[in-house]
Amino acid sequence: MRNVTFRQLRTVEAVCRLGKINLAAEALGLTGPALTLQIQHLERDAGIALFDRTRGGMVPTAYGLAFLEAARAIEDSLIALEDSIDAIKGLRTGRLRLGVVSTGKYFAPQLIAAFRDQVPAVEINLFIGNRAEIIAKLRDHEIDIALMGRPPRDFEVRAQVFGDHPLVFIAPAGHPLAGVLEISRERIAQEQFLVREKGSGTRISLEIFLSDTPHELEELGTEIASNETIKQAVIAGLGIAFISAHTIEQEVKLGRLMILDVIDTPIRRQWFTVSRLDRVATPAMQAFERFVLASGARYLPVVSKPYPANAFG
């Protein structure tokens with residue numbers, strides 16, 4: 001393996017990414033036969049098959065995926081090297097590929113803007129997606145840092161807490177439970193829920209919270225893959241929801257949504273900065289992590305339960 005070149009690894013990466021010899025060759029500025037010859041030489045020298053040739057295209061084998069991981073890790077190291085050289089030269093530049101779970105879009109822009117005020121020369125590419133998408137991009141070296149809730153467990157990461165993430169039950173202002181104090185789990189479980197997709201951090205937290213109730217979790221209600229759509233559906237009276245308190249600040253202020261006083265809520269989760277443990281942190285990554293750990297919490301929206309005026313007296 002010591003004779004494998006980075007050019008060969010880039011060839012494997014292109015074929016894995018594009019799935020076709022002609023597309024990979026075009027992306028790399030090669031001819032199809034030249035790229036095919038590179039792959040064949042690499043397979044012969046390693047004594048393994050990197051791809052299964054199928055009618056649908058080139059499908060990487062387990063060996064091919066191992067080569068792909070090596071290619072992406074080396075690409076990360078070269079980016080880190082370039083940024084480190086700039087830092088040694090005294091240039092406060094760099095690039096940061098930031099992934100944010102969809103709930104984080106309610107505070108991430110303000111946080112990024114504040115960071116850019118301090119370090120204006122760092123170029124930030126932002127990707128927002130659901131939990132599964134963010135984890136996949138982190139695993140595949142497509143983002144440098146993720147802002148998310150529970151860190152993934154299927155590969156090693158460096159995770160650092162930077163703020164609280166409260167999860168609450170919400171209903172429209174005219175709902176029978178709006179203003180009711182100390183609602184039990186059994187009572188809230190009787191409601192029709194609007195829930196995020198399976199695998200969502202919020203969905204998992206709801207299932208854990210209701211796991212001891214007799215309610216069948218599979219029958220919680222309607223599955224919706226967007227917090228914005230969930231909020232509008234709750235306002236329209238289609239059900240109640242369990243949602244991040246960070247997403248409802250404006251609707252609560254306007255009186256369109258109420259946070260329900262369910263016993264043992266809010267559920268206190270946490271926000272993390274997450275990066276691969278095997279990844280060499282670039283100066284840009286280090287600067288961003290330092291900023292978020294020191295100041296990130298101040299950009300998290302804060303909401304509280306809007307109790308009725310006569311609730312306690």
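Let's start at His141, a residue that counts as buried in this predicted model, with a relative accessibility of 6%. The cut-off for that label is under 20% relative accessible area, so 6% puts His141 in the buried class. You will find His141 in the loop that links helix α6, residues 131–139, to strand β5. Its backbone deserves a look too: phi of His141 is near 65°, a positive value in a residue other than glycine. As background, most residues other than glycine have a negative phi.

Who touches this loop? Arg72 is one residue to select: leaving aside residues up to four places away in sequence, Arg72 touches Asp140, His141 and Glu142. Arg72 itself belongs to helix α4, which spans residues 62–88. Although arginine carries a charge that counts as positive, Arg72 has a relative accessibility of 17% and counts as buried.

From the loop of His141, follow the chain on into β5, residues 145–148, and you arrive at a strand that runs parallel to β3, joined to it by three bridges. Strand β3, residues 94–101, is a good place to pause. Six of its eight residues are buried, so β3 is largely enclosed by the rest of the structure. Strand β3 also pairs with β4, residues 122–129; these two run parallel and are joined by eight bridges. To get from β3 to β4, the chain passes through helix α5, residues 108–118, in a right-handed β-α-β crossover. Gly99 is a handy marker for seeing both pairings: its bridge partner in β4 is Phe127, while its bridge partner in β5 is Ala146.

Now move to strand β2, residues 57–60, where Val59 lies. Is Val59 buried or exposed, or something in between? With a relative accessible area of 38%, Val59 is partly exposed, because that class covers values between the 20% limit for buried and the 50% limit for exposed. Setting aside residues up to four places away in sequence, Val59 touches Leu50, Phe51, Asp52 and Thr54. For a sense of distance, try drawing a line from Val59 to Ala132: the two are 73 residues apart in sequence, and their C-alpha atoms are 22 Å apart in space.

Further along the chain, another loop is worth a visit, the one between β10, residues 257–259, and β11, residues 267–276, where Pro266 has its place. The peptide bond from Thr265 to Pro266 is cis, with omega near 5°. Asp264 sits in the loop between β10 and β11 as well, and its phi is near 70°, a positive value in a residue other than glycine. For context, most peptide bonds are trans.

Finally, zoom out to the whole protein chain. Eleven helices and eleven strands make it up in terms of secondary structure, and its C-alpha atoms fill a box of roughly 80 × 50 × 30 Å along the principal axes. Of its 313 residues, 46% count as buried. Among contacts between residues at least 6 apart in sequence, 76% join residues at least 24 apart. The accessible surface comes to about 15800 Å², and carbon and sulfur atoms account for 52% of it. As for charge, the chain has 36 positive and 37 negative charges, and the mean positions of the two sets are 4 Å apart.

Key:
Residues are numbered from 1 along each chain as its sequence is written. This is a predicted model: local features need pLDDT of at least 70, side-chain atom pairs count only at pLDDT 80 or more; totals for chains, interfaces and linings use all residues. Side-chain values use heavy atoms; hydrogens and water are left out. Helices (H or I, at least four residues) and strands (E, at least two) are DSSP runs, numbered from the N terminus. Buried means under 20% relative accessible area, exposed over 50%, partly exposed in between (1.4 Å probe, protein chains only). Contact means heavy atoms within 4.5 Å. Accessible areas come from the Shrake-Rupley method with a 1.4 Å probe; for residues, only the protein chains shown count as cover. The place of a charge is taken as NZ of Lys, CZ of Arg, CG of Asp or CD of Glu. Two strands pair if DSSP finds at least two bridges between them. A crossover is right-handed if, with the strands pointing away from the viewer, the path from the first strand over the helix to the second runs clockwise.
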